[in-house]
Amino acid sequence: MADTIVALATPTGRSGIGVVRLSGGDARDIAKKMMSGSTAALEPRRARLFSISDPETSEIIDDAVVTYFKAPASFTGEDVIEFACHGSPVILRQVVDACLRLGARMAEPGEFSLRALANGKMDLAEAEAIRDLINARTTASVRQAVRQMRGEMSHQLQPLKDELLDIIVVLESALEFVEDDLPDSNIDDISERLNAIKLKLEALAATFKTGRLLREGLKVALVGPPNVGKSSLFNALLGSERAIVTDIAGTTRDQLHEQLTVDDIPISLIDTAGLRQTDDVVESIGVERSRRTMADADVVIALMDVTDETQTVNGFEELDGANVIYLLNKIDLVDRETAERIAQAVGGEASQMPLLVSAKTGDGLEELKRAIKEPFIADDAPFSGWMISDARHHDLIRRSVEEVESSIMLLKQRSSEEITLLGLHNALRLLGEITGETTTEDMLTRIFSTFCIGK
Ligand SMILES: Nc1nc2c(ncn2[C@@H]2O[C@H](COP(=O)(O)OP(=O)(O)OP(=O)(O)O)[C@@H](O)[C@H]2O)c(=O)[nH]1
Ligand SMILES: [Mg+2]
């Protein structure tokens, strides 16, 4: 029998209620020893108020609502006890400590989910969905994670796996029983069926572009020379006066990071120190950081000042290849013609027309938001329908497409069934890894280490 694990299931800190979760064969006995003063019994699926006391000193720790989930009808499939205590970090630590002293051990990250997987309560993709759900930052990514948690991934993959298995059976039996090679008509039929599988898998893989965007979001950095209005734009996009703005060049020295969402896409917005040569030690560290941020961002917004006729894209050369949006700020200070003339000049240099904005009036901000997300959204209607959002899933699907592809080729070349089958078995195994049927122990440990403790 697996040992009994314990962890705080709610965040550390003060709250109305804090929940300690205990799972394993001894969960019930451990809980009973902590409720020795209580006469009421623990009944499955019944929340009841008990006095929880220290097993050694019999000192009351707290009055808590205790729920017992009898195996296998629990999250992990084992006996589970949940102590809903008052949300004081001191109380919660005492309850966890008491469980430890009574023989439980601290749960590893994701260990509750891992046990749920081992006991057939959910498949791997569903367990991963719980992690994603907890980490989701927007309603759209929550929606995706909930669908995955409810088994959508297996639902999508199962028909494809069944079809693959069917084909494998046909080829295997040809190998067993037919003396001569498969007739051409059979081979055509099988290739066609494999091709249909391949197309479906490819379509699924193609949803990753948008899926990942919804889940991970974009890192967007505002960069440019001092005083062009980076911090002003940062504030305007956030809708709050977060960064200090002055007319002194070199105001921002340290980087500021804030989260916002643009049409359900989580965005980490970064304000940086203005890029220039400087003897100031603090500022030069800031400039160095700005350069590193530029290299690391998904989107770089390169700001220039439209009132400065000498403004050029010099200094942004190192952005070559990155997703850069050139921006001319402060258009409220010049007339339209001047703005367009300068935009033309800059556009010629950068081989990309700059956007015209005013951080002060908010002019052009909607266009800017659109430009940020545009390159990342797949052509088909975004955000509806099922999407792959996990790089692990995407990689496995992509690799299974390759296997199916090479099998189709081999089949057409009339290679032996044995080699053709090899690729199909591989494809099936790769797809199985998504839902965890064919995942190795090592892999599982790696995946679950990305969970937090208590999940
Ligand atoms: N009229 C007008 N003034 C602006 C606009 N954006 C910024 N400014 C002004 O330009 C000056 C510099 O703005 P900041 O936002 O501090 O510029 P920055 O790029 O962050 O500067 P550093 O932090 O020094 O690199 C301030 O006086 C702002 O009020 C704008 O769109 N229109
Ligand atoms: Mg600034």
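Here a student asks how the labels on this model are earned, and a tutor answers.

Student: What kind of model is this, and how are its parts numbered?

Tutor: This is a predicted model, where local features need pLDDT of at least 70, side-chain atom pairs count only at pLDDT 80 or more, and totals for chains, interfaces and linings use all residues. Residues are numbered from 1 along each chain as its sequence is written, while chains are lettered from A and ligands numbered from 1 in the order in which they are written.

Student: How is the protein divided into domains?

Tutor: Domain 1 covers 5-107, domain 2 covers 127-207 + 388-448, and domain 3 covers 224-376. Such bounds come from an automatic or database domain assignment. The C-alpha centres of domain 2 and domain 3 are 44 Å apart.

Student: Why is L237 called buried or exposed?

Tutor: Start with the rule. A residue is buried if 20 or more other C-beta atoms lie within 10 Å of its own, exposed if 12 or fewer, and partly exposed in between, with C-beta atoms placed from the backbone. L237 has 24 C-beta neighbours inside 10 Å, so L237 counts as buried. L237 lies in helix 9. Helices (H or I, at least four residues) and strands (E, at least two) are DSSP runs, numbered from the N terminus.

Student: What makes a residue a contact of L237?

Tutor: Two residues are in contact if their C-beta atoms, placed from the backbone, lie within 7 Å. Leaving aside neighbours within four places in sequence, L260, L269 and L365 are in contact with L237. A127 is another matter: its C-alpha is separated from that of L237 by 36 Å, and the two are 110 residues apart along the chain.

Student: Why is A339 called buried or exposed?

Tutor: A339 has 20 other C-beta atoms within 10 Å, so A339 is buried. This residue is found in helix 11 (residues 336-350). Not counting residues up to four places away in sequence, A339 touches V306, L328, I331, V334 and L356.

Student: What about I190, buried or exposed?

Tutor: I190 counts as buried, because 21 C-beta neighbours are inside 10 Å. Its place is in helix 7 (residues 184-206). I190 and I408 are 218 residues apart in sequence, yet 8.5 Å apart in space, C-alpha to C-alpha. With residues up to four places away in sequence left out, I190 touches I167, V170 and L411.

Student: Why does R276 count as partly exposed?

Tutor: R276 has 15 C-beta neighbours inside 10 Å, so R276 counts as partly exposed. R276 sits in the loop between strand 9 (265-271) and helix 10 (281-296). Not counting residues up to four places away in sequence, R276 touches P225, P226 and V287.

Student: What makes D263 and D264 worth a look?

Tutor: Their phi angles. D263 is not a glycine, but its phi is positive, near 45°. D264 is not a glycine either, and its phi is about 75°. D263 lies in the loop between strand 8 (256-262) and strand 9, and D264 lies in the loop between strand 8 and strand 9. D263 is partly exposed because 14 other C-beta atoms are within 10 Å. D264 counts as partly exposed because 17 C-beta neighbours are inside 10 Å.

Student: How do you know which peptide bond joining A71 and P72 is present?

Tutor: Omega is about 5°, and the bond is cis. P72 is found in the loop between strand 4 (60-69) and strand 5 (80-87).

Student: How does the span of helix 4 compare with the expected value?

Tutor: The expected span is 1.5 Å times one less than the number of residues. Helix 4 (residues 124-135) has 12 residues and reaches 17 Å from its first C-alpha to its last, close to the expected 16 Å. Its buried residues include L124, A125 and I130.

Student: What makes a nonpolar core?

Tutor: A nonpolar core is a set of buried Ala, Val, Leu, Ile, Met, Phe, Trp, Tyr and Cys residues joined through C-beta atoms within 7 Å. The largest one has 113 residues, of which V20, L22 and I301 touch the most other members.

Student: Which residues come nearest to ligand 1?

Tutor: A residue is near a molecule or strand if its C-beta atom, placed from the backbone, lies within 6 Å of it. Of the 23 residues around ligand 1, G229, S231, S232, T252 and G274 come nearest. Helix 9 (residues 230-238) gives the most to that shell, with 3 residues.
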